[in-house]
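The exercises below ask the reader to work from the displayed model towards a description of its interior, its pocket and its backbone. Each task is followed by a solution that goes step by step.

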Amino acid sequence: MPDPMTGTVRRAPVDAAQFRSLMTTHPAGVAVVTTAGPDGEPWGMTCSSVCSVSLLPPTLLVCLRTGSPTLASLLQRSAFAVNLLHEGAESTATLFASGAPDRFDRVDWVREPGTGVPQLVEDAHTVANCQVGETLPVGDHIVVFGEVVDVTTHATLPPRPLLYGMRRYWSLNDVPTPRGPGTSG
């Protein structure tokens, strides 16, 4: 039956495989979202669902799987960091996607002095420290809106982000430089 306001008919969504196939064709930057539990234990997970939301106040969003221990600790602490990974950090992205219990023993990190939230100093070119603003459940994930309270840059050169798409990690170095009009090849 059509919606009385819009005249559109509600349709069933595509299946998960079709949706996953669609999204693999849209590369995204790779981040590790980190936080600390009430006891100070570090938590973190790889995330490519990161998006800017607002400049005033400076807000970003991350989408984390419902039931994730990282999400649970993040919500308890009400603070988290978004570690934007550089092109050489594929092994860290894979490690934090694995859920390995010793992942923080296998990377270099420091605690942000104010919140105790881990920052990945060797693998992140830039870190955004955030406080939780709002959350929104959507399907099997929770969208967390974070107000950015501090930005730390670890890169000494211009950032070269790690990307994920087409079911693989890659970087901007993997993309041929476009030639402008009138250039020869």
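**Exercise 1. Determine whether N83 is buried or exposed, and describe its surroundings.**

Step 1. With a relative accessible area of 0%, N83 is buried, where buried means under 20% relative accessible area, exposed over 50%, and partly exposed in between (1.4 Å probe, protein chains only). This is a predicted model, in which local features need pLDDT of at least 70 and side-chain atom pairs count only at pLDDT 80 or more, while totals for chains, interfaces and linings use all residues. Residues are numbered from 1 along each chain as its sequence is written, and side-chain values use heavy atoms, with hydrogens and water left out.

Step 2. N83 lies in strand β6; helices (H or I, at least four residues) and strands (E, at least two) are DSSP runs numbered from the N terminus.

Step 3. A polar atom of the N83 side chain lies 2.9 Å from the backbone nitrogen of L120, which is a polar contact, that is, a pair of N or O atoms within 3.5 Å; within protein, one must be able to donate a hydrogen and the other to accept it, and residues adjacent in sequence count only if both atoms are side-chain atoms.

Step 4. Not counting residues up to four places away in sequence, N83 touches V30, A31, V32, T34, P118, Q119, L120, A124, T126 and V127, contact being defined by heavy atoms within 4.5 Å.

**Exercise 2. Identify which residues of the largest nonpolar core touch the most other members, and follow two of them.**

Step 1. The largest nonpolar core has 18 residues, of which V30, L85, A93, F96, L120 and L162 touch the most other members; such a core is a set of buried Ala, Val, Leu, Ile, Met, Phe, Trp, Tyr and Cys residues joined through side-chain atoms within 4.5 Å. At least two residues of this core come from each of β6 (79-85), α3 (90-98) and β9 (124-138). A second, separate core comprises 16 residues, including A31, F80, A128 and V132.

Step 2. Apart from its neighbours within four places in sequence, L120 is in contact with V32, N83, L85, T92, F96, F104, V107, D108, W109 and H154.

Step 3. L162 is found in strand β11 and is buried, with a relative accessible area of 2%. Although L162 and G29 are 133 residues apart in sequence, their C-alpha atoms are 5.9 Å apart in space. Beyond four places in sequence, the contacts of L162 include G29, V30, L85, A93 and W170.

Step 4. P161, by comparison, lies in the loop between β10 and β11 and counts as partly exposed at 22% relative accessibility. Among the residues that P161 touches are L85, H86, H125 and W170.

**Exercise 3. State which residues lie nearest the centre of the largest pocket, and describe its lining.**

Step 1. Of the 36 residues that line the largest pocket, C47, S48, S49, C63 and H141 lie nearest its centre. On a 1 Å grid over the protein atoms alone, a pocket is an open set of points where a 1.4 Å probe fits, with protein on both sides within 12 Å along at least five of seven lines, and lining residues have an atom within 4 Å of a point.

Step 2. The volume of the largest pocket is about 1300 Å³.

Step 3. The lining divides into 19 nonpolar, 12 polar and five charged residues. Elements that each supply at least two lining residues include α1 (16-24), β3 (42-47) and β10 (141-153).

**Exercise 4. Locate the cis peptide bond that ends at P57 and the positive phi values of S78 and R167.**

Step 1. The peptide bond from L56 to P57 is cis, with omega near -5°, and P57 has its place in the loop between β4 (50-55) and β5.

Step 2. S78, a residue other than glycine, has a positive phi near 65°; its place is in the loop between α2 and β6, and at 32% relative accessibility S78 counts as partly exposed.

Step 3. R167 is not a glycine either, yet has a positive phi of about 65°, and R167 sits in the loop between β11 and β12 (168-171).

Notes
Points joined across faces, edges and corners; volume = space filled by probe spheres on them. Nonpolar A, V, L, I, M, F, W, Y, C, P; charged D, E, K, R; others polar.
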